[in-house]
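Biologist: Could we go through this model together? I have the sequence and the structure open and would like to start with the packing inside one chain.

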Amino acid sequence: MSEATQYEEINDLLSKKTGYKEGFVTQTSVETFEKGISEEVVRAISAKKNEPEWMLEFRLKAYRHWLTMEEPHWAKANYNPLDYQDYSYYSAPECSACGGDTCAADEAKKAEIAEMDLEVAKAFAALGVPIVGSENENTNIAVDAIFDSVSVSTTKREELEKLGIIFCSFSEAVHEHPELVQKYLGTVVPYHDNYFAALNSAVASDGTFVYIPENVRCPIDLSTYFRINEAKTGQFERTILIADKNSYVSYLEGCSAPVRDTYQLHAAVVEVIVLDDAEVKYSTVQNWYPGDDDCEGGILNFVTKRGICEGKNSKLSWTQAETGSAITWKYPSCILKGDNSIGEFYSVALTNRRQQADTGTKMIHIGKNTRSTIISKGLSAGRSDNTYRGLVKILPSAENARNFTQCDSMLIGDQCGAHTFPYIEVENATAKMEHEATTSRIGEDQLFYCQQRGISEQDAISMIVNGYCKEVFKELPLEFAQEAEELLAISLEGSVG
Amino acid sequence: MAAVNSIKPRKQSPVAQKAIEHYIGLSQSLNAKTQNQMLSAKRLDAQKKLQALGLPMRRDEDWQYTSLNHWMQTAFEQNLPGWGKVNPDQLKAILPIFGTHRFVWIDGVFSQDLSCDSASLPSGLTVESAEITNADLVDSNHAFELLHDMLAENRTKIRVQKNVAIEKPVELVYIQTQPKSLATLSLDVQVEENAQLTLIQQVVSFADEPVCINGVLQMELAAQAICKQYVVQDLNTNDFYFNNQHVHQQASSVFDTLYVGLGAEVSRHQNTVNLCGEYADASQNTIAFGKGEQTIDSRTDTQHLAPHCNSQQLHKFVLDEQSRGVFNGMIYVAKGAQKTDGQMDNKNLLLSNNAKMDTKPQLEIYADDVKCSHGCASGQIDENQVFYCQARGIHQHDAVQLITKAFLLEPLDNVSNEAIRDWLMQRVSKLLA
């Protein structure tokens with residue numbers, strides 16, 4: 001096949017609409033704040049959630065600081081400056097809000113689940129998220145479902161409570177475990193950290209709070225599912241995960257949004273604290289709506305995720321499969337403070353059409369004998385741009401630190417871009433770091449080999465791509481790995497020649 | 001480039017402001033001397049631009065690892081009256097023993113006595129120095145290129161005519177003798193079709209106090225032209241060195257450059273190579289050895305603009321004491337530059353716990369049928385290697401030296417001219433002893 005006809009075919013296939021099956025809209029009565037942000041709005045959100053004084057203080061401090069900051073544009077992504085007054089900063093399905101003031105009380109919450117808006121329940125059912133009682137008896141997973149600005153249901157809580165595990169929405173945690181929230185909120189991602197973290201701290205909607213007590217190995221996977229439903233709303237979840245000494249947890253995150261025609265903003269903050277000998281596995285399958293063919297109306301995914309390996313021998317592992325969003329801007333990071341702590345980052349980022357992804361990680365080595373591994377696989381197709389941007393910093397105190405980084409990019413078609421911007425700062429001679437990056441495409445000989453053996457072109461591509469991503473997928477929990485593989489196949493459909 | 005008026009002025013520290021004013025003053029006195037109105041106008045533009053843009057700060061992405069604080073504190077002067085004495089022994093120690101077409105500048109002024117007779121050059125090769133013209137200026141937003149535009153007086157032009165291969169290397173030696181002297185070097189190299197040139201550049205200082213070198217090189221390589229370039233920067237450890245090289249390569253041309261960065265408190269050597277014609281080949285290598293409080297910064301920007309081009313890079317840093325190494329490399333592959341092969345390697349050896357290395361090897365790729373990779377590694381000497389040597393009767397100290405030397409000198413393997421290779425090896429080895 002000559003180059004020219006080959007690309008024609010790709011473009012033909014590309015122009016076909018690929019299905020975003022999570023793109024439906026849920027019709028439910030909602031309470032949505034007027035568009036715009038101001039100190040009143042921040043106060044109103046806080047009042048709506050019936051928050052204590054210290055939380056309001058935190059929000060206001062962040063909001064005032066945010067006003068002094070400028071929207072950053074250093075990432076490799078082109079978009080028009082956002083109008084922050086054109087978003088609504090709070091939206092909740094009405095019957096689950098329960099008039100607001102009793103919302104946080106336990107009884108109310110339970111009643112809420114029973115009474116949860118049928119439409120919302122249907123939506124989650126359609127998404128395959130098990131949130132209703134009978135269904136989740138057999139599942140080996142506890143779910144916190146977040147619909148726009150509020151957490152609508154958290155399953156398997158009683159079971160977890162027996163082990164002392166706290167798994168609830170962030171709003172509840174503010175009321176029920178204020179000492180823990182106060183102790184850890186903003187310790188890993190301070191409110192002044194960056195523009196979007198400040199905005200999040202000011203208008204944080206809901207999120208998940210997880211606390212695993214000492215010596216507890218969480219028997220089931222914990223999971224949060226985020227759903228943006230309302231148009232022109234921003235979602236600003238705040239997730240805090242604390243793994244106390246010698247504990248273990250595997251936490252999963254999924255997300256989706258309906259098809260809209262304007263950009264929607266998602267600016268979450270995730271803080272993970274890992275104490276001595278504890279281990280946290282944090283997996284994300286990100287499938288936000290990427291927008292139409294030109295990525296108009298997709299989600300702007302500007303997320304700050306950071307974890308600290310506070311104690312010695314602790315381990316934090318980030319795994320992500322990024323397939324959605326119009327623009328992704330996300331750098332899950334590890335601060336390796338405890339001696340012998342381990343940080344890992346496994347990522348598959350796929351961009352198609354006009355999607356732009358600027359993602360990577362930061363590994364800050366502070367403690368002795370700290371180790372980190374970065375495996376990043378970028379796939380770009382269509383007219384998309386896919387960027388790996390990462391920092392490995394080895395401070396003078398990090399004796400014998402070790403880092404291995406591998407970033408591979410694969411280009412599919414001749415209209416896309418793949419970029420690598422690694423920063424490596426070594427300030428300790430005993431540290432060893434290696435970095436490798438390669439760029440390639442699916443070889444014609446590889447395809448030919450498969451086709452010769454009776455495998456169709458599409459299957460062959462899927463096979464090669466999955467093989468390319470295997471190193472990362474094997475880190476994902478089983479069901480998630482399957483989902484990620486399927487997502488990859490859907491997102492790639494017709495993009496290759 | 002952005003027009004001067006459209007630039008939003010940046011706030012500068014008082015020290016930076018003072019430095020800018022000082023260099024604007026120098027530029028104004030040059031303008032008072034020249035008859036060329038167009039040149040004056042261009043210099044004025046550069047002055048305004050520098051005033052508006054200010055000097056680079058640590059906050060700037062491209063300068064976050066390279067501090068200019070000390071450089072700003074010294075007001076360097078151009079055209080100081082009289083020359084310092086050049087000790088023949090000192091000179092002998094740095095010059096290669098093999099035959100070259102040698103041209104020497106002292107404190108930025110051409111020295112007829114120490115240079116060869118330009119009438120004796122082989123046919124097809126010309127080396128001329130003339131007053132700079134407005135067309136020679138770079139017109140960029142880079143602070144040191146702006147300083148070049150403001151302060152360059154003369155430009156050296158090297159031409160190699162079509163189908164001529166120059167056997168003996170052309171050697172350019174820049175010696176600073178007076179304290180606080182600034183030399184603004186402006187060099188223009190044109191190698192015509194199917195011609196060949198070997199270029200050796202050296203910068204050294206015999207002054208006790210800091211000196212500053214600021215150079216800009218523009219090189220055009222026509223189709224099938226070959227240029228090999230060796231830049232040896234061996235200033236004293238309190239000096240400053242900035243060099244920006246812009247190379248344009250046409251089809252099937254070859255550019256092979258090696259930067260040997262040994263001296264200076266702060267040095268920054270930047271190559272911008274544009275591969276404009278098919279099958280062009282560029283190789284860029286660095287040997288850098290830092291000690292004391294030195295910062296050695298080596299940068300490459302390789303623009304693959306045509307299909308079937310190759311680029312290779314190997315940058316090696318050995319850092320001792322409190323020195324800091326900086327490497328920043330970019331391989332850019334434009335849309336349509338298919339079949340590109342780009343390879344960039346950066347390897348660093350840290351000999352002291354206080355040494356630092358900051359690396360940023362970047363890829364920006366817009367074509368799918370390419371082979372691009374970069375590799376980067378930092379670490380200390382492998383204990384096993386030292387043990388291996390010791391087990392064979394080599395003293396530990398010697399073993400470390402042996403391994404360090406072998407590590408640092410790897411880029412010399414690519415130097416095809418044996419005499420040049422031996423000379424470079426000797427220059428670098430002297431420092432390691």
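Biologist: Which elements do the buried residues of α5(B) pack against?

Modeller: In this predicted model, the buried residues of α5(B) pack against two helices of chain B, α1 (14-33) and α2 (37-53), and against the strands β6 (182-191), β8 (212-221) and β10 (240-249) of chain B.

Biologist: Why is α5 of chain B described as largely enclosed?

Modeller: Helix α5 (residues 143-151) of chain B has nine of its nine residues buried, so the rest of the structure largely encloses it. Among the buried residues are Phe144(B), Leu147(B) and Met150(B), and also Glu145(B), His148(B) and Asp149(B).

Biologist: Where in chain B is confidence lowest, and where is it highest?

Modeller: The lowest value in chain B belongs to helix α4 (residues 88-94), with a mean of 83, and the highest to β10(B), at 96. Chain B averages a pLDDT of 91, and 98% of the residues score at least 70. The model has an ipTM of 0.80 and a pTM of 0.83.

Biologist: Turning to the two chains, how many residues does each give to the contact?

Modeller: Chain B contributes 29 residues and chain A contributes 29 residues. On the side of chain B that touches chain A, β18 (356-365) and β19 (371-379) of chain B are the elements that give two or more residues. β18(B) gives the most, with ten residues.

Biologist: What is the make-up of that side of chain B by class?

Modeller: The side of chain B that touches chain A has 13 nonpolar, ten polar and six charged residues.

Biologist: In what sense do β24 of chain A and β18(B) pair?

Modeller: Strand β24 (residues 417-426) of chain A pairs with β18(B) in the antiparallel sense, over six bridges. Thr420(A) stands opposite Leu363(B), a residue of β18(B).

Biologist: And which domains does the assignment give for chain B?

Modeller: The domain assignment gives domain 1 (4-380) and domain 2 (381-433) of chain B. Their centres, taken over C-alpha atoms, are separated by 27 Å. The contact takes 20 residues from domain 1 of chain B and 17 residues from domain 2 of chain B.

Biologist: Which elements supply the domain 1 side of chain B?

Modeller: β9 (226-234), β11 (254-261), β13 (281-290) and β15 (310-319) of chain B each supply at least two residues of the side of domain 1 that touches domain 2. The largest share, five residues, comes from β13(B). By class, this side of domain 1 of chain B has 13 nonpolar, five polar and two charged residues.

Terms used. Residues numbered from 1 in each chain as written. Chains lettered and ligands numbered in written order. Predicted model: local features only at pLDDT ≥ 70, side-chain atom pairs only at ≥ 80, totals over all residues. Buried ≥ 20, exposed ≤ 12 C-beta atoms within 10 Å, placed from the backbone. Helix = DSSP H or I, 4+ residues; strand = E, 2+ residues; numbered from the N terminus. Contact = placed C-beta atoms within 7 Å. pLDDT = per-residue confidence, 0-100. Nonpolar A, V, L, I, M, F, W, Y, C, P; charged D, E, K, R; others polar. Pairing = 2+ DSSP bridges. Domains from an automatic or database assignment.
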